Amino acid sequence: KVEKMLMADGMVRPRETLGREALVEKIREYAEKSRATILSQIKKMGTSCDWSRLAYTFDEKRNRAVNELFCRMYKDGLIYRGYRVVNWSVKGQSTLSDDEIIFVERPAKLYTFKYSADFPIAIATTRPETKLGDTAVAVHPSDARYASYIGQVFTVDVGAAKPLQIKIIADEQVDPDFGTGALGVTPAHSSVDFAMYEKQKAIGEPIDLIAVIGSDGKMTKEAGESYTGLSVEDARAKFVVRLKEQNLLLNEEDITQNVGTSDRYGDVIESLPMTQWWLDVKKEIPSKGKSLCDLMRDAVTTGLDGDPSKKVILTPDRFTKLYLDRVDHLRDWCLSRQIWWGHRIPVWYRSEEIYVGTEAPEGEGWEQDPDTLDTWFSSGSWTFSTLGWPEKTKDLKTFHPTQWIQMGYEILYLWLMRMILMSSYALDEVPFKDAYIHGMLRDQHGEKFSKSMGNGIDPIEVIDEYGCDALRISLLIG
């Protein structure tokens with residue numbers, strides 16, 4: 001928000017112009033003004049709060065709780081640093097989680113082609129430019145059409161920096177009835193394909209990983225001299241021209257496609273391989289004998305430890321099914337963000353040494369990781385970090401788990417699920433007993449009220465004109 005305001009005032013690149021400390025200070029100033037506005041609105045709407053317990057995400061106590069939680073998870077082997085495919089916003093120059101992606105329907109083209117005239121299998125894709133980094137073709141293991149090719153490796157020249165080694169692999173995820181029943185595998189630019197890459201590595205039959213798109217959204221030198229430096233769109237057009245010239249394009253079809261975009265910046269998300277910090281949601285926690293996914297599932301079904309009193313009731317009940325479906329398909333959570341406003345990751349580096357701790361290490365030469373934590377990591381601990389955790393305070397004993405919470409459905413996965421994850425891990429307790437999930441305020445075009453879009457209605461203006469009761473009853477009716 002602040003970067004956009006600075007750019008509107010004529011500053012071209014706020015980060016480069018101001019540097020980290022100066023930009024963060026401007027954001028802090030804006031946050032303080034916003035805090036006053038928000039508190040004024042809450043008071044004017046008649047909300048009865050215990051203001052003596054007012055807490056702020058980035059205050060000292062909350063920062064300590066966040067660092068403590070990170071360190072405990074790291075020591076339990078749940079947090080790791082790994083080279084994996086991430087969701088990358090080129091415009092924002094930062095990673096984002098699966099839950100932060102907004103899918104938008106857009107027209108697209110589906111291209112069916114062969115890598116070369118003598119390649120035995122045709123594949124289909126909406127992103128031909130990524131095929132410059134293909135390292136395999138996946139088919140269903142029981143598909144008789146391709147059974148004799150499984151395990152074979154073909155050398156093909158598609159114009160990349162060097163000829164590609166395309167291995168035919170078997171994977172049960174492939175739908176033999178979709179398209180040609182064969183998928184071009186690009187491990188560097190698809191999380192699904194990266195999972196196939198890891199699976200092949202695990203069984204001792206590795207395939208290559210070639211990154212042909214960079215963090216700037218431009219094609220890399222690995223894409224080949226003809227494509228290096230081109231935008232994704234220009235590389236796509238050029239690759240298709242080449243396919244046509246060599247009579248390799250078998251079909252070109254207009255389709256409608258769900259495209260993943262950044263909720264913060266609106267740009268199309270690129271899947272890129274990067275070294276980031278991750279939270280393993282499926283690894284067994286030593287002290288519990290269960291994974292974070294297991295705990296999240298127990299919390300809304302049997303109750304933690306099979307205790308019905310340690311259970312969260314979701315209302316309306318239909319959200320329970322949505323919640324459980326997401327838990328079943330949950331992937332490791334990318335925790336690191338390249339934005340500057342957030343909790344700095346409590347990790348320091350010195351030469352080959354790595355130090356993880358709640359406080360900076362002693363000695364010279366240590367540099368803290370420049371990345372910040374996903375904001376939902378700190379928000380996930382809110383029910384107990386606000387009550388004094390990690391200290392065993394009287395407030396924590398008296399008021400946790402909290403009784404009831406309400407939220408809009410759009411943060412069911414972002415916040416509710418993360419609070420259950422954090423509380424069940426840190427306290428062996430659910431964060432709240434009942435969660436009431438409601439709809440969202442939208443503008444006349446059906447878009448949700450958004451600070452970044454600036455399309456909201458100031459509740460104070462409504463109160464001044466119609467009164468607080470009128471505002472409340474209209475929201476209840478809606």
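Angles from 65 to 115 degrees between two axes count as roughly perpendicular. That cut-off is needed for one helix pair in this predicted model. Two packed helices are described by the angle between their axes and the distance between the axes. The pair here is helix α7, residues 318-328, and helix α11, residues 412-427. Their axes come within 11 Å and cross at roughly 75°. α7 and α11 are therefore roughly perpendicular to each other. On the α7 side, the contact is made by Phe319, Leu322, Tyr323, Arg326 and Val327. α11 answers with Leu412, Tyr413, Leu416, Met417 and Ile420.

Stay with α11. It has 16 residues and spans 21 Å from its first C-alpha to its last. At 1.5 Å a residue, 22 Å is expected, and the actual reach is close to that. How many residues of α11 are buried? The count is 14 of the 16, so α11 is largely enclosed by the rest of the structure. Just after this helix, Asp428 takes a positive phi of about 55°.

Now turn to helix α3, residues 60-75. It has 16 residues and reaches 23 Å between its first and last C-alpha atoms. That is close to the 22 Å expected at 1.5 Å a residue. Its buried residues are Arg62, Ala65, Val66, Asn67, Glu68, Leu69, Phe70, Cys71 and Met73. Charged side chains are on that list, namely those of Arg62 and Glu68. Just after α3, Gly77 has a positive phi of about 80°.

Aromatic rings come next. The structure holds 15 aromatic pairs. One of them joins Phe113 and Tyr115, with ring centres 5.8 Å apart. Their planes stand at 75°. Planes over 60 degrees apart count as edge-to-face, so this pair is edge-to-face. Phe113 has 0% relative accessibility and therefore counts as buried. Tyr115, at 1%, also counts as buried. A second pair is made by Trp348 and Tyr355, whose ring centres lie 6.1 Å apart. Here the planes meet at 55°, so the pair is tilted. Trp348 is buried, with a relative accessible area of 9%. Tyr355 is partly exposed, at 32% relative accessibility.

Phe113 and Tyr115 also belong to an aromatic cluster. The other members are Phe119, Phe154, Tyr227 and Phe239. Tyr227 has a further partner: the charged end of Lys238 sits over its ring, 5.9 Å from the centre. Another charge sits over a ring at Trp340. There the charged end belongs to Arg15, and it is 5.5 Å from the ring centre.

The backbone has some details to check. Which peptide bond leads into Pro316 in the cis form? It is the bond from Thr315, with omega near -5°. Pro316 lies in the loop between β11, residues 313-315, and α7. A cis peptide bond also joins His400 and Pro401, with omega about 5°. Pro401 is in the loop between α10, residues 394-399, and β18, residues 402-408.

Positive phi values turn up at residues that are not glycine. Gln93 is one of them, with phi of about 50°. Its place is in the loop between β1, residues 79-89, and β2, residues 94-96. Gln93 is partly exposed, with a relative accessible area of 33%. Asp305 is not a glycine either, and its phi is positive at about 60°. Asp305 lies in the loop between α6, residues 292-300, and β11. Is Asp305 buried or exposed? At 64% relative accessibility, it counts as exposed.

One loop residue remains. Ser291 sits in the loop between β10, residues 270-279, and α6. It counts as buried, at 5% relative accessibility. What does Ser291 touch, leaving aside residues up to four places away in sequence? Its contacts are Val281, Lys282, Lys283, Glu284 and Ile285.

Notes: Residues are numbered from 1 along each chain as its sequence is written. This is a predicted model: local features need pLDDT of at least 70, side-chain atom pairs count only at pLDDT 80 or more; totals for chains, interfaces and linings use all residues. Side-chain values use heavy atoms; hydrogens and water are left out. Helices (H or I, at least four residues) and strands (E, at least two) are DSSP runs, numbered from the N terminus. The expected span of a helix is 1.5 Å times one less than its number of residues. Buried means under 20% relative accessible area, exposed over 50%, partly exposed in between (1.4 Å probe, protein chains only). Rings of Phe, Tyr and Trp (its six-membered ring) pair if their centres lie within 6.5 Å; planes under 30 degrees apart count as stacked, over 60 as edge-to-face and the rest as tilted. A charge sits over a ring if NZ of Lys or CZ of Arg is within 6 Å of the ring centre and within 35 degrees of the ring normal. Axes are lines fitted to C-alpha atoms, for helices over the stretch in contact, and angles run from 0 to 180 degrees between N-to-C directions. Angles under 35 degrees count as roughly parallel, over 145 as roughly antiparallel, 65 to 115 as roughly perpendicular and the rest as oblique. Contact means heavy atoms within 4.5 Å.
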